[in-house]
Amino acid sequence: MISCLSLYSYSFCEKIALKKYRRCVKRGCIKRPQVVSGAKKDGFGLRVFVLSDLHTDYPENMAWVRSLSTKRHEKDVLLVAGDVAEMYDNFILTMSLLKERFEYVFFVPGNHDLWCRWETEDACKDFHACKWPGNLSNRDTSLALYFDLMNEKNQNTVKQIQSTCSQIITFSHFVPRQELCPEKRMLFYPKLPKIIGSDWLEDRIRSIHGVESSSFACHVFGHTHFCWDAVVDGIRYVQAPLAYPRERKRRMNGEVLS
Ligand SMILES: [Mn+2]
């Protein structure tokens with residue numbers, strides 16, 4: 001089984017073994033995504049699967065999406081944390097395939113979804129392929145601030161959720177903090193830490209989970225294509241990317257063969 005290519009399952013029917021994750025973080029060994037014990041087929045409760053960076057412009061990745069069972073996830077929820085496809089037709093097809101397989105599919109766009117064109121991989125294409133209106137620029141913090149403020153209109157909904165739910169999952173495509181990235185020496189793009197992380201995103205997530213975040217507080221993200229599962233300051237951060245075929249081939253994104 002290739003664990004990163006399995007959808008990541010996060011079940012709320014049992015308490016997640018936080019102690020275990022904290023122990024791993026303490027020892028410096030980051031726990032990789034896997035199906036947790038609470039996600040049993042006969043378990044009680046909602047099953048939430050997470051996935052990011054599907055990049056289905058690659059036929060191999062589209063084939064993987066097609067290969068997902070049309071029966072197994074009929075009652076499950078899927079969170080798609082961005083970067084589905086650059087080509088509009090591929091995006092529509094992918095989301096349709098996912099919707100046929102899961103009862104509910106939630107999506108947040110990634111940078112590749114907004115390009116709507118297909119080009120070869122370029123780690124920093126956002127810096128020259130995006131045109132922003134008005135005073136927005138990717139040379140300062142204006143973009144981060146602009147996108148964060150878009151969340152303000154949902155404040156009442158957030159408050160309502162906070163008062164009625166004990167288990168909240170937030171998700172974004174972008175990476176909230178730099179600790180959620182491997183060390184520089186492990187990176188194919190050593191400059192990656194310079195272009196990831198957003199204080200606004202992190203603050204927004206913390207405001208939703210609350211200062212005293214519950215032991216279920218979880219944030220799902222994508223973008224870096226590294227499998228991730230670690231608790232940082234009380235919030236569990238998870239990334240389960242499908243990633244590019246070449247990354248899987250070279251095991252660049254932390255997939256485990258077992
Ligand atoms: Mn991506």
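Trainee: Which residue of β6 is the bridge partner of F171?

Mentor: This is a predicted model, in which local features need pLDDT of at least 70 and side-chain atom pairs count only at pLDDT 80 or more, whereas totals for chains, interfaces and linings use all residues. Residues are numbered from 1 along each chain as its sequence is written. Strand β5 and strand β6 (residues 218–220) run parallel and are joined by three bridges; strands are DSSP runs of E with at least two residues, helices are runs of H or I with at least four, and both are numbered from the N terminus. Within β6, the bridge partner of F171 is V220.

Trainee: What stands opposite V220 in β8?

Mentor: Strands count as paired if DSSP finds at least two bridges between them. β6 and β8 pair in the parallel sense over three bridges. Opposite V220 in β8 stands V238.

Trainee: In what order do the four strands of the open sheet lie?

Mentor: The sheet is open and its pairing is mixed. Its edge strands, each pairing on one side only, are β5 (169–171) and β7. From one strand to the next the twist averages 20°. The order of the four strands is β5-β6-β8-β7.

Trainee: How many residues lie between β7 and β8 in their hairpin?

Mentor: Strand β7 (residues 228–232) and strand β8 (residues 235–239) run antiparallel and are joined by five bridges. V232 stands opposite I235 in β8. In the turn, D233 has a positive phi of about 50°. The number of residues between the two strands of the hairpin is two.

Trainee: Which residues of β8 point the other way from I235, Y237 and Q239?

Mentor: In a regular strand the side chains alternate between the two faces of the sheet. Five of the five residues of β8 are buried, a residue being buried if 20 or more other C-beta atoms, placed from the backbone, lie within 10 Å of its own, exposed if 12 or fewer, and partly exposed in between. I235, Y237 and Q239 point one way; pointing the other way are R236 and V238.

Trainee: What angle does the direction of α8 make with that of β5?

Mentor: Helix α8 packs on the sheet and touches β5, β6 and β8. Axes are lines fitted to C-alpha atoms, for helices over the stretch in contact, and angles run from 0 to 180 degrees between N-to-C directions. The direction of α8 makes with that of β5 an angle of about 165°.

Trainee: Is helix α6 roughly parallel or roughly antiparallel to α8?

Mentor: The axes of α6 (residues 142–149) and α8 (residues 199–209) come within 9 Å and cross at roughly 25°. Angles under 35 degrees count as roughly parallel, over 145 as roughly antiparallel, 65 to 115 as roughly perpendicular and the rest as oblique. Therefore the relation of α6 to α8 is roughly parallel.

Trainee: Which residues of α8 make the contact with α6?

Mentor: Two residues are in contact if their C-beta atoms, placed from the backbone, lie within 7 Å. From α6 the contact uses A144, L145 and D148. From α8 the contact is made by W200, L201 and R204.

Trainee: Which element gives the largest share of the largest nonpolar core?

Mentor: A nonpolar core is a set of buried Ala, Val, Leu, Ile, Met, Phe, Trp, Tyr and Cys residues joined through C-beta atoms within 7 Å. The largest core has 37 residues, of which V50, L51, L78, L79, V80 and V220 touch the most other members. Elements giving two or more residues to this core include β3 (77–80), α3 (88–101) and α8. The largest share, four residues, comes from β2.

Trainee: Is H223 buried or exposed?

Mentor: H223 is in the loop between β6 and β7. Although H223 is not a glycine, its phi is positive, about 85°. Because it has 24 C-beta neighbours inside 10 Å, H223 counts as buried.

Trainee: What distance separates the C-alpha atoms of E60 and P245?

Mentor: E60 belongs to helix α2 (residues 59–67). With 14 C-beta neighbours inside 10 Å, E60 counts as partly exposed. E60 and P245 are 185 residues apart along the chain, and their C-alpha atoms are separated by 7.0 Å.
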